[in-house]
Amino acid sequence: LMSMGLALAAFGEIAFSGVGFAMCASASVLAALRLVLSHTLLHAEGEERMDSLSMLTVMAPVCAAGLFPVALLKEASAIRESKYAQDSSLAAQTALAILAG
């Protein structure tokens, strides 16, 4: 069903991008893989079984680590031009605020 929606969205698009299509298709496959893994771990028997909060604490950093390099590659020019890259004290203050929560 998701593949059909993706195909309908891309059909007739004037500025079709093969890279964008491949990224959308791979995102769909990886989301399905994450769901299967989560379901398997949540409904396992015995010691391997995890509760939903533990699953979140395990999966969130893994997903973030997987997305971070792609974001850096795709947004490198915007990052270089941002005010945070120009002013190191502003970048440090922002990083501290993020880490402090």
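In which helix of the protein chain is confidence lowest, and in which is it highest? In this predicted model, the lowest value belongs to helix α1 (residues 2-10), with a mean pLDDT of 74, while helix α6 (residues 88-100) has the highest, at 87. Averaged over the protein chain, pLDDT is 83, and 96% of the residues score at least 70. A word of caution is helpful here: where pLDDT is low, the predicted coordinates should not be read in detail.

A good place to look next is the pair of helices α2 and α3. Their axes come within 11 Å of each other and cross at roughly 160 degrees. Because angles over 145 degrees count as roughly antiparallel, α2 and α3 are roughly antiparallel to each other. The crossing in which α2 passes α3 is right-handed.

These two helices also turn up around the largest pocket, which holds about 430 Å³ of space. Its lining is made of 14 residues, and A27, L30, C63, G66 and L67 are the closest to the pocket centre. The elements that contribute two or more residues to this lining are α2 (18-42) and α3 (52-74). Helix α2 supplies the largest share, with eight residues. Sorted by class, the lining of the largest pocket comprises eleven nonpolar residues, two polar residues and one charged residue.

Terms used: Residues are numbered from 1 along each chain as its sequence is written. This is a predicted model: local features need pLDDT of at least 70, side-chain atom pairs count only at pLDDT 80 or more; totals for chains, interfaces and linings use all residues. Side-chain values use heavy atoms; hydrogens and water are left out. On a 1 Å grid over the protein atoms alone, a cavity is a set of points where a 1.4 Å probe fits but cannot get out, and a pocket is an open set with protein on both sides within 12 Å along at least five of seven lines; lining residues have an atom within 4 Å of a point. Grid points are joined across faces, edges and corners, and a volume is the space filled by probe spheres set on the points. Helices (H or I, at least four residues) and strands (E, at least two) are DSSP runs, numbered from the N terminus. Ala, Val, Leu, Ile, Met, Phe, Trp, Tyr, Cys and Pro count as nonpolar, Asp, Glu, Lys and Arg as charged, and the others, Gly among them, as polar. pLDDT is the predictor's confidence in each residue, from 0 to 100. Axes are lines fitted to C-alpha atoms, for helices over the stretch in contact, and angles run from 0 to 180 degrees between N-to-C directions. Angles under 35 degrees count as roughly parallel, over 145 as roughly antiparallel, 65 to 115 as roughly perpendicular and the rest as oblique. A crossing is left-handed if the near helix is turned anticlockwise from the far one by less than a right angle, and right-handed if clockwise.
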